[in-house]
Amino acid sequence: MVLGIYGSGGSGREAREVADLLGTWEEIVFIDDMAETGMYKGLKRMPFEVFNQTYDKDIAEVIIAVGEPEYRISLYDRVEKKGYRFANVIHPNAWISPSATIGRGIIAKSGVLISSDAKIEDNVGFEAYAVVGHDCVVRKGCQISTNVAMGGGSEIGAGCYIGMNVAIKEKVKIGSNSVVGMGSAVQREIPENVIAMGNPARPMKHKDESKVFG
């Protein structure tokens with residue numbers, strides 16, 4: 001089986017290292033539509049159209065390894081339309097409760113903890129040491145940064161970006177497509193399509209652009 005890692009930036013290189021540890025795939029390939037085609041870090045690198053022509057969907061699966069939720073979602077949709085399966089790349093040091101439910105296309109790096117009866121939808125990336133409490137929900141296309149801590153029963157809407165060291169109080173909801181700045185403490189509901197930060201976190205402005213990173 002071939003693993004296509006969509007993205008050859010920092011997130012993609014980290015996902016490759018986790019995939020190497022797992023030893024599940026006979027071949028690993030970087031997919032990148034913007035970078036030079038050829039060998040990169042000892043692996044083949046190619047645009048998705050070339051990957052699609054080279055590797056049949058019956059022998060290949062894909063993971064989306066970019067930090068920008070807008071790109072995570074659009075690339076996932078592109079790959080899905082071509083009929084490829086999505087891999088889960090879970091570090092051996094991550095722990096996922098047997099009662100938790102996880103979707104397709106999940107990346108979980110070292111030290112991630114997903115607790116009892118949590119629900120993780122498709123295409124979510126967890127950086128190292130993120131903690132998802134019991135009965136939490138993380139909707140599709142989110143990027144969860146290092147040391148994020150979700151209290152039990154909290155929920156993160158689709159397409160959110162949660163910055164480093166964010167603490168989310170139990171049973172609090174963050175609306176879809178919002179950004180929570182690093183170090184924030186989310187103590188009450190955050191609406192959709194805003195940038196929030198602080199302690200307590202509060203909306204600072206409407207998220208006019210879909211991208212998190214400039």
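Here is a short chat about salt bridges and a surface patch in this structure.

Reader: Before we start, what kind of model is this?

Author: It's a predicted model, where local features need pLDDT of at least 70 and side-chain atom pairs count only at pLDDT 80 or more, while totals for chains, interfaces and linings use all residues. Residues are numbered from 1 along each chain as its sequence is written, and side-chain values use heavy atoms, leaving out hydrogens and water.

Reader: How many salt bridges are there?

Author: A salt bridge is a side-chain nitrogen of Lys or Arg within 4 Å of a carboxyl oxygen of Asp or Glu. By that rule, the count is 11.

Reader: Which residue pairs up with D33?

Author: R78 does, with the closest N and O atoms 2.9 Å apart. D33 sits in the loop between β2 (27-31) and β3 (38-40) and R78 in helix α3 (residues 69-81), so the pair ties together parts that are 45 residues apart in sequence. Helices (H or I, at least four residues) and strands (E, at least two) are DSSP runs, numbered from the N terminus. R78 also forms a salt bridge with E49, at 3.3 Å between the closest N and O atoms.

Reader: Is E155 buried or exposed?

Author: Buried means under 20% relative accessible area, exposed over 50%, and partly exposed in between (1.4 Å probe, protein chains only). E155 has 19%, so E155 is buried. Its salt-bridge partner is R139, at 3.2 Å from N to O, and R139 is partly exposed at 25%.
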